[in-house]
Amino acid sequence: MSQTPTQLLELACAGHGVRACRVLVENGFRDGDSVNALAGNAFVIGHDERLAPVPLGRDGERRDLLISITDEGPVRMLAWAQVDAGSNVAGIGIDLCSTADFGQDETGEHFARLLFTDGEKELLEQMEGPAPRRRAMAFSAKEASFKATAASLRRWYEGHDEELFFEAMDFELCEGNVTRGTARKRHPERAQRACERMGIGLIEVSFMDYEDMVLCVAVALRA
């Protein structure tokens with residue numbers, strides 16, 4: 001492994017007003033766990049009504065911190081980023097996906113037909129590398145992009161009564177290669193509209209191999 005998960009996150013956040021960021025790999029992260037994100041500056045993991053993780057400080061949610069959690073088999077990771085007041089980062093998301101779930105057997109082909117748009121299928125055909133890895137990249141991009149909207153969704157509901165409904169499958173990988181790409185909003189009446197309402201203009205995604213999995217880091221940027 002030529003790159004660490006923290007280095008992947010640092011590269012993804014570079015130039016976007018992020019003061020510091022890390023990816024922690026542990027046996028598990030649960031509600032109520034205390035995380036020593038910075039020297040003498042810990043937060044406690046909570047969750048919102050949609051079960052997205054929330055960094056809690058002494059006086060409630062830490063607005064200067066963004067966090068995301070992923071797990072695949074025995075591996076669980078927590079990513080955090082401390083953002084400056086003028087940062088254009090609206091959220092971060094991480095997702096691990098096993099390449100074994102997207103093999104070239106009948107099951108893998110079925111998942112590919114079921115989960116990916118025609119645009120994604122065309123893009124995956126153009127990308128380099130084994131088919132299971134390319135498919136895992138596309139799926140993890142959906143999941144990480146969805147997670148990257150969690151903080152913006154909380155902010156939305158603090159000031160609006162309008163319901164915004166969208167899910168991970170409403171995102172798709174586009175402009176991808178073996179290490180980086182972008183995810184756009186796929187469903188015109190759900191994710192597209194929701195992200196526009198929340199002020200998210202672009203979601204950038206980055207990838208690396210981690211053991212027999214693909215790790216995706218998504219950074220949601222304000223319009």
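Axes here are lines fitted to C-alpha atoms, for helices over the stretch in contact, and the angles between them run from 0 to 180 degrees between N-to-C directions. With that in hand, the helix pair α3 and α4 of this predicted model is a handy place to start. Helix α3 (residues 118-126) and helix α4 have axes that come within 10 Å and cross at roughly 135°. That angle makes α3 oblique to α4, and the crossing is right-handed. As for who touches whom, E120, L124 and E125 sit on the α3 side of the contact, and they meet R134, R135, A138 and K142 of α4.

Helix α4 also turns up in the interior. The largest nonpolar core holds 35 residues, and F116, L173, M198, I203, V205 and F207 are the ones touching the most other members. Helix α4 (residues 131-148) supplies the largest share of this core, seven residues. Apart from it lies another core, this one of 25 residues, with A12, C13, V75 and V217 among them.

Just past α4 comes T149, in the loop between α4 and α5 (150-159). Loop or not, T149 counts as buried, because its relative accessibility is 1%. Setting aside neighbours within four places in sequence, T149 is in contact with F166, F171, C195, M198, I200 and I203. Two of those names, M198 and I203, also appear in the list of residues that touch the most other members of the largest core.

What about the cysteines? The disulfide count comes to zero. C13 has the sulfur of C21 as its nearest cysteine sulfur, but that is 4.5 Å away and C13 is in no disulfide. A disulfide would need the two sulfur atoms within 2.5 Å. For C216, the closest cysteine sulfur is that of C97, and at 10.0 Å it is too far for a bond. Both cysteines are tucked away from the surface: C13 counts as buried at 3% relative accessibility, and C216 counts as buried at 0%.

Finally, a couple of loop residues have backbone angles worth a look. L51, found in the loop between β3 (41-47) and β4 (53-57), has a phi near 70°, a positive value in a residue other than glycine. At 65% relative accessibility, L51 counts as exposed. E211 lies in the loop between β11 (200-210) and β12 (213-222). Its phi is near 55°, again positive in a residue other than glycine, and E211 is exposed, with a relative accessible area of 62%.

Definitions and conventions. Residues are numbered from 1 along each chain as its sequence is written. This is a predicted model: local features need pLDDT of at least 70, side-chain atom pairs count only at pLDDT 80 or more; totals for chains, interfaces and linings use all residues. Side-chain values use heavy atoms; hydrogens and water are left out. A nonpolar core is a set of buried Ala, Val, Leu, Ile, Met, Phe, Trp, Tyr and Cys residues joined through side-chain atoms within 4.5 Å. Buried means under 20% relative accessible area, exposed over 50%, partly exposed in between (1.4 Å probe, protein chains only). Helices (H or I, at least four residues) and strands (E, at least two) are DSSP runs, numbered from the N terminus. Angles under 35 degrees count as roughly parallel, over 145 as roughly antiparallel, 65 to 115 as roughly perpendicular and the rest as oblique. A crossing is left-handed if the near helix is turned anticlockwise from the far one by less than a right angle, and right-handed if clockwise. Contact means heavy atoms within 4.5 Å.
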